[in-house]
Amino acid sequence: MANVKVFSTQTCPYCDMLKSFLSTHNVDFQDIDVSTDYNSAMEMVRVSGQRGVPVSLIDGQVVVGFDQHRIRELLNLK
C-alpha cells in the first residue's frame, strides 16, 4: 500500500476533487490542512517548491495539483 499525503485547504475545490478521487479508489491518505498547520505548509513548500494546493506526496513522489494521470500512474490504478 502506498504512503499518501495530501496537502490541502478546506476551501480548495481541486483538493476536494483529489480527495474524492482517492477515496473512490480506496486509497488511504493523510489529509493535511495547510491553512491551519504552519509547519506542514512549510514542509509542502520545501518538498514541492509550491505554495498552491493541492500537493500530494505518493511514496515520496511529489504531484502538484490534481494530475489524475500521474496519480493513477504512481498508484498503479487503471
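**View 1. Leu-18, Phe-21 and Leu-22 of helix 1 meet Gln-68, Ile-71, Arg-72 and Leu-75 of helix 3**. Contact here means heavy atoms within 4.5 Å. By class, this meeting of helix 1 and helix 3 brings together five nonpolar residues, one polar and one charged. In that count, Ala, Val, Leu, Ile, Met, Phe, Trp, Tyr, Cys and Pro are nonpolar, Asp, Glu, Lys and Arg are charged, and the others, Gly among them, are polar. Helix 1 spans residues 13–24 and helix 3 residues 68–75; their axes lie 12 Å apart at an angle of about 30°. The crossing of helix 1 past helix 3 is right-handed, the term for a near helix turned clockwise from the far one by less than a right angle, with anticlockwise giving left-handed. Axes are lines fitted to C-alpha atoms, for helices over the stretch in contact, and angles run from 0 to 180 degrees between N-to-C directions. Helices (H or I, at least four residues) and strands (E, at least two) are DSSP runs, numbered from the N terminus.

A word on the model before we move on: it is predicted, so local features need pLDDT of at least 70 and side-chain atom pairs count only at pLDDT 80 or more, while totals for chains, interfaces and linings use all residues. Residues are numbered from 1 along each chain as its sequence is written, and side-chain values use heavy atoms, leaving out hydrogens and water.

**View 2. Four strands line up in an open sheet with the order 2-1-3-4**. The pairing in this sheet is mixed, where two strands pair if DSSP finds at least two bridges between them. Strand 2 (30–33) and strand 4 (61–64) form the edges, each pairing on one side only. On average, neighbouring strands are turned by 20° against each other, direction ignored. In general, the strands of a sheet pair through backbone hydrogen bonds, either parallel or antiparallel.

**View 3. Strand 1 has a parallel partner in strand 2** **and an antiparallel one in strand 3**. Four bridges join strand 1 to strand 2, and four bridges also link strand 1 (residues 4–8) with strand 3 (residues 55–58). Take a look at Val-6: its bridge partner in strand 2 is Asp-31, and in strand 3 it is Ser-56. Four of the five residues of strand 1 are buried, so this strand is largely enclosed by the rest of the structure. Buried means under 20% relative accessible area, exposed over 50%, and partly exposed in between (1.4 Å probe, protein chains only). Helix 1 lies across strand 1, strand 2 and strand 3, and runs at about 160° to strand 1.

**View 4. Lys-5 of strand 1 and Glu-43 of helix 2 link distant parts of the chain**. The two residues form a salt bridge, with the closest N and O atoms 3.2 Å apart. That term asks for a side-chain nitrogen of Lys or Arg within 4 Å of a carboxyl oxygen of Asp or Glu, and a search of the whole structure finds three such pairs. Helix 2 covers residues 38–48, and Glu-43 and Lys-5 are 38 residues apart. Lys-5 is partly exposed, at 21% relative accessibility.

**View 5. Asp-31 and Lys-19 join strand 2 to helix 1**. In this salt bridge the closest N and O atoms are 3.1 Å apart. Because Asp-31 belongs to strand 2 and Lys-19 to helix 1, the pair ties together parts that are twelve residues apart in sequence. Asp-31 is partly exposed at 39% relative accessible area, whereas Lys-19 is buried at 15%.

**View 6. Glu-73 and Arg-70 meet in a salt bridge** **within helix 3**. Their N to O distance is 2.3 Å. The two sit three residues apart, so about one helical turn separates them. Both ends are partly exposed, Glu-73 at 43% and Arg-70 at 26%.

**View 7. Pro-54, Asp-59 and Asn-76 reward a closer look at the backbone**. The peptide bond from Val-53 to Pro-54 is cis, with omega near 0°, and Pro-54 is placed in the loop between helix 2 and strand 3. Asp-59, though not a glycine, has a positive phi of about 50°; this residue is in the loop between strand 3 and strand 4. Asn-76, another residue other than glycine, has a positive phi near 55°. Asn-76 is found in the segment after helix 3 and is exposed, with a relative accessible area of 69%.
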